[in-house]
Amino acid sequence: MVGFHFGSKNPTAKRSWLTKNIYILGHQNEDINCVCMTTDETNRCLTGGSDGKCKIWDLNTVIIDKEQTQPKCLFVLDNNHTTSDNSSITSICITFDNNKCITTRKNENQCDIWDINTGVHLHTL
């Protein structure tokens, strides 16, 4: 589980109205190994898990379920790797234009490039 806390930049504002906790669950009871966020107004968060998947979350669209605030999962990036420990996502990097990401996996000598607006796998290096 990854937790985020968003707050107001206004120091005189009432805190209870301008803050929210967002929890990311959803890597099949596996660990989340890495997190990366876009720097533009899309407010997307990418998580890489031990389940071998990278998920793209929309922090602007949240689902409230049983007192937890969960962002909407936009895409699941999975290049048909096995779900063994060797396929865990170990790092994520987003390009400066916030349109692509690069993921790496444990014990693999390659990286995958993805379009984070469509979820399409573009290249393996």
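Biologist: Which residue takes a positive phi in the hairpin of β7 and β8?

Modeller: N98 does, with phi near 60 degrees. That hairpin has five residues between the strands. Bear in mind that this is a predicted model.

Biologist: How many bridges join β7 to β8?

Modeller: Five, and the two strands run antiparallel. β7 covers residues 89-94, and β8 covers residues 100-105. I94 stands opposite C101 in β8.

Biologist: What about the other side, where β8 meets β9? How many bridges there?

Modeller: Five bridges join β8 to β9, residues 111-115, and these run antiparallel. K100 has D115 as its bridge partner in β9.

Biologist: And which residue in that turn has a positive phi?

Modeller: N107, at about 60 degrees. The hairpin of β8 and β9 has five residues between its strands.

Biologist: Which residues of β8 are on the covered face, and which on the uncovered one?

Modeller: C101, T103 and R105 make up the covered face. K100, I102 and T104 are on the uncovered face.

Biologist: Changing topic to cysteines. How many disulfides does the structure hold?

Modeller: Zero.

Biologist: Why is there no bond between C36 and C93?

Modeller: Because the sulfur of C36 is 6.1 Å from that of C93, the closest cysteine sulfur, which is too far for a bond. A disulfide needs the two sulfur atoms within 2.5 Å.

Biologist: And C45, how far away is the nearest cysteine sulfur?

Modeller: The sulfur of C36 is 8.2 Å away, and C45 is in no disulfide.

Biologist: Are they buried or exposed?

Modeller: C36 is buried, with a relative accessible area of 17%. C45 is buried too, at 0%.

Notes
Residues are numbered from 1 along each chain as its sequence is written. This is a predicted model: local features need pLDDT of at least 70, side-chain atom pairs count only at pLDDT 80 or more; totals for chains, interfaces and linings use all residues. Side-chain values use heavy atoms; hydrogens and water are left out. Buried means under 20% relative accessible area, exposed over 50%, partly exposed in between (1.4 Å probe, protein chains only). Helices (H or I, at least four residues) and strands (E, at least two) are DSSP runs, numbered from the N terminus. Two strands pair if DSSP finds at least two bridges between them.
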